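Me: Take a close look at a single part of this structure. Then work outwards from it, keeping the sentences short.

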Amino acid sequence: MNTIRRKFYILGIFLTITVAIGVLIQYIYLNKVITQDKKLNTIQSRENLGNQINYNIKYYSQTVMAVADFIAMSQWTEEEAIEYFRRLIKGNPIIRSIYYGDINNKLINSDDWNPPHGYDLTTREWYVKAEAEEDLIISDVYIDELEDIFIITISKPIYENNKLLGVVAADITMEEIIKMVDNMNIKEVGYSFLIDSKGTILAHPKYESHQNLRNIDSISYGIHEELRATIVGERELILDEVRGYLSYQPIEKTDWIIGSFISRDEFRGNSNDVWRMFFITLAISMVIFGSFAYLQRRHFLIPIYRLEQDIKQINIEKDMSYRISIKREDPFFDLRRTINFILNKTQEFFEQHEQDKKELILQHEELEASYNQLSAMDQELSQQYTKVIRSEEKLKKALDRNNAMIDALPDLLFVINNEGKFIDLQGSDETQLYIEKEKFLGKKLEDLFPLEITKQTEKTIQNVLKYGRLESFEYQLEMPVGIQYYEGRIAKCNESEVMVIVRNITERKDLENKLSYLSYHDQLTGLYNRRYFEEELNRLNEEKNLPLTIVMADVNGLKLINDSFGHKAGDELLISAAHVIKRGCRINDLIARIGGDEFIIVLPKTAKREAEDMIEKIKKLSIGEKSSPIELSISFGWATKLHGDVDISEILKEAENDMYSHKLFEGPSMRSKTVETIIKTLYEKNKREEHHSRRVSKICKDMGLVLGMKEDEIKELESAGLLHDIGKIAINEAILDKPGSLNADEWKEMKKHPEIGYRILSTVYEMSTIAEYILAHHERYDGQGYPKGLKGEAIPLISRIITIADSYDAMASDRPYRKGLSNEEIIKEFNKHAGTQFDPYLSQIFIEKVLKDQYQ
């Protein structure tokens with residue numbers, strides 16, 4: 001037995017080793033085939049990606065050439081060129097901008113961007129390079145600072161009769177090319193990348209190039225020069241600390257290189273994998289051999305041993321329920337079943353004996369339980385009697401409590417039968433009854449109430465009696481104090497009677513009406529609000545109301561007025577605007593205030609021409625309309641829906657865009673007029689401020705002449721001196737005219753005027769620079785001034801000059817609480833505070849060149 005077992009084991013071991021070696025040889029062969037396939041796929045992926053990028057660049061180069069052909073045409077206007085540029089961009093979202101610069105430094109672009117003063121487009125790289133190459137060129141890749149993305153510029157010179165007319169160019173985003181590279185994988189194990197002439201990584205699935213620029217040499221030292229030297233090829237190298245296979249080629253018309261990389265382990269496998277495969281196969285073979293030996297032992301030797309052990313476990317005295325296990329696949333199945341049959345018969349005899357014994361015990365227990373049940377019933381009857389007595393007491397208390405609740409409630413309580421007759425009436429405030437209580441009892445509904453209320457109440461009573469549910473209804477009655485509203489709630493008492501609780505809800509109704517009005521109206525102007533407009537627009541947006549014209553209106557200069565004259569003046573301006581618009585519209589037109597300074601008008605069955613006439617009418621009405629000292633100015637935009645299939649949101653957007661177009665021209669003029677009004681109002685309020693501002697302006701001009709400033713700089717300095725205190729328009733007159741010194745709160749308020757002046761002037765484009773000077777004219781040279789705490793040369797030169805001129809006039813002028821200082825005293829003050837409050841150089845110039853020469 002042992003000899004046969006030993007030979008069987010030797011044969012199994014031999015077969016196991018043979019199978020493992022065969023599998024290993026097959027694995028090595030397959031690995032070579034897969035390696036060749038991956039190499040071919042790497043080259044194909046690189047070529048396909050290169051072709052895609054070349055096609056992408058050629059496509060947008062053709063777009064630039066098309067623009068060049070259009071520009072070369074002699075008959076076109078600037079508006080036509082811009083419209084043509086925008087159509088190309090709309091169809092090609094990858095194109096960010098198209099522009100054309102001629103030899104006269106004139107720029108036409110799709111973005112409406114106006115170049116700053118002194119901008120020379122003929123010196124820009126895209127212009128110079130295209131002119132030098134005399135052909136279409138592609139710029140180096142650069143980062144758009146606004147959108148944080150890679151951009152290239154494609155430009156082409158335009159000639160007529162061999163004479164340069166200009167250069168056309170387009171800014172193209174690299175997003176599509178980067179996405180191509182990032183999405184290009186090689187059999188899901190390799191990747192591709194793109195670099196420029198400097199080795200900068202433009203696209204790589206591992207590095208987000210536009211956020212953290214990296215050079216290809218940072219992940220494989222010296223590789224950039226090798227790639228540039230060979231241009232096209234394949235090689236094995238270490239890239240990003242991974243050894244692998246790289247295939248690369250250039251991109252046409254650029255100095256970029258595209259590469260496809262796959263790791264060596266993925267490319268041609270790892271030698272460790274070969275041994276791993278060998279040992280895995282060996283282990284599997286050994287498991288198979290062990291399984292066979294295990295089955296032999298299990299199905300021959302173990303069954304005999306287990307049967308012997310099971311028979312030893314049989315002990316009728318200790319455990320009569322024990323049975324030996326039976327499995328059909330067991331070779332001793334029949335023998336095991338016979339043994340269990342004998343054990344079953346033996347157990348049945350003993351169990352029958354135990355069953356008879358238990359039945360006798362149960363009969364005794366049932367007799368005992370019956371006696372206990374009778375005793376419990378007697379005790380329960382006694383408890384029920386006690387509960388009845390207590391229930392009567394609780395019922396009496398409940399009746400008393402209910403009566404107290406009825407007295408406390410403000411409601412009236414009626415009991416009415418199915419015929420509509422009043423059976424009972426209860427209530428703490430019987431003054432709510434419009435006739436005496438005694439006249440209700442025994443009367444029917446129709447005897448006391450109007451027919452409409454009677455029918456409504458009778459119908460509700462019948463429903464409550466039929467279905468048994470609580471129902472409510474509302475009605476109104478003419479009372480001595482006026483119309484009163486009531487709510488009735490009806491509940492079923494029994495099969496023929498109901499209880500009706502009536503409450504006066506007049507106050508609630510009035511509040512609901514008020515809330516309903518406010519939910520659809522603007523509280524300031526009384527016009528409809530945005531909520532009502534949106535709901536009503538959905539209703540009016542139907543074929544029967546076409547043509548449907550929407551007019552957008554925006555009050556010009558509202559923020560400037562709020563900052564200058566306060567929000568009360570701004571509210572008065574909005575009320576005036578609402579009044580004018582309402583007067584200019586028809587009764588059935590929808591007018592709503594949808595924002596702070598925005599109004600909207602919906603004109604059903606109104607053509608564009610008719611709407612334009614109405615807008616002209618409103619504009620004429622607004623001429624001469626004033627709110628406080630401010631003239632009313634409104635910018636309008638409109639659009640008309642002519643066909644039912646047009647989305648109403650597009651009409652709204654078109655009207656809004658039209659309004660903003662008008663506002664671009666009307667707004668600045670309005671703001672300039674408003675600034676003039678502010679100055680005039682300030683001077684009318686306080687003549688002392690007018691004289692002070694004109695003197696400061698004259699001193700500023702004298703300083704500018706002494707410092708040798710240019711004429712336009714002196715004019716700007718003179719204007720800044722005249723406007724330096726414009727922010728005082730928003731300061732309380734009591735503070736401005738106070739004869740004595742200001743307290744802490746008043747001084748805090750007064751210190752706001754530079755910021756207010758800045759906000760007022762910065763709204764006017766032509767005065768935005770002066771606004772900066774006004775903001776800083778109370779800064780100190782030592783940094784202790786306000787509002788920003790600027791120090792030294794950080795304070796604008798003109799602001800430092802205004803500080804000297806303003807301080808001189810303040811010291812030289814009489815005040816209600818003191819006389820003006822003499823020039824000698826003023827010079828001492830300037831010398832004392834030079835370098836702290838005043839610029840020491842400008843202070844010395846003022847004393848020696850202006851004060852001594854012109855103000856002695």
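Reply: Start at Gly835. Just after helix α25, this glycine takes a positive phi of about 90 degrees. Helices (H or I, at least four residues) and strands (E, at least two) are DSSP runs, numbered from the N terminus. This is a predicted model, with local features needing pLDDT of at least 70 and side-chain atom pairs counting only at pLDDT 80 or more, while totals for chains, interfaces and linings use all residues. Residues are numbered from 1 along each chain as its sequence is written, and side-chain values use heavy atoms, leaving out hydrogens and water.

Now the helix itself. α25 covers residues 823–833, and its buried residues are Asn823, Ile826, Ile827 and Phe830. Buried means under 20% relative accessible area, exposed over 50%, and partly exposed in between, with a 1.4 Å probe and protein chains only. Down the axis of α25, the buried residues fall within an arc of 100 degrees, so they line one face of the helix. The arc is that of the directions from the helix axis to the C-beta atoms. Turned away from the buried side is a face with exposed Glu824, Lys828 and Lys832.

Next, α5. This helix spans residues 223–230 and buries Ile223, His224 and Leu227. These residues also fall within an arc of 100 degrees as seen down the axis of α5, so they line one face. Glu225 and Ala229 are exposed on the other side of α5. What does the buried face of α5 pack against? Its buried residues pack against β8 (190–195), β10 (233–239), β11 (242–250) and β12 (257–263). Contact here means heavy atoms within 4.5 Å. After α5 comes Ile231, with a positive phi near 65 degrees.

Other positive phi values sit in loops. Asn105 is not a glycine, yet its phi is positive, at about 65 degrees. Asn105 lies in the loop between β1 (95–102) and β2 (107–109). With 31% relative accessibility, Asn105 counts as partly exposed. Lys605 is another non-glycine residue with a positive phi, near 50 degrees. Its loop runs between β20 and α16 (608–622). Lys605 is exposed, with a relative accessible area of 55%.

β20 leads on to a strand it pairs with. β18 (residues 548–555) and β20 (residues 598–603) pair in the antiparallel sense over six bridges. Two strands pair if DSSP finds at least two bridges between them. β18 also runs antiparallel to β23 (residues 634–641), joined to it by eight bridges. Val551 of β18 has a bridge partner in each of these strands: Ile601 in β20 and Trp638 in β23.

Is β18 open or enclosed? Eight of its eight residues are buried, so the strand is largely enclosed by the rest of the structure. Leu548, Ile550, Met552 and Asp554 point one way from β18, and Thr549, Val551, Ala553 and Val555 point the other way. Before β18, the peptide bond from Leu546 to Pro547 is cis, with omega near -5 degrees. Pro547 belongs to the loop between α13 (530–540) and β18.

A second cis peptide bond joins Tyr786 and Pro787, where omega is about 10 degrees. Pro787 is in the loop between α23 and α24 (797–812). That brings in a helix pair. Two packed helices are described by the angle between their axes and the distance between the axes. α22 (residues 753–762) and α23 (residues 768–775) pack at about 180 degrees, with axes 8 Å apart. Axes are lines fitted to C-alpha atoms, for helices over the stretch in contact, and angles run from 0 to 180 degrees between N-to-C directions. α22 and α23 are therefore roughly antiparallel to each other. Angles under 35 degrees count as roughly parallel, over 145 as roughly antiparallel, 65 to 115 as roughly perpendicular and the rest as oblique. On the α22 side, the contact is made by Pro754, Glu755, Gly757, Tyr758, Leu761 and Ser762. On the α23 side it is made by Ser768, Ile770, Ala771, Glu772, Ile774 and Leu775.

Last, the whole chain. Its secondary structure comes to 26 helices and 23 strands. Of its 856 residues, 40% count as buried. Among contacts between residues at least 6 apart in sequence, 56% join residues at least 24 apart.
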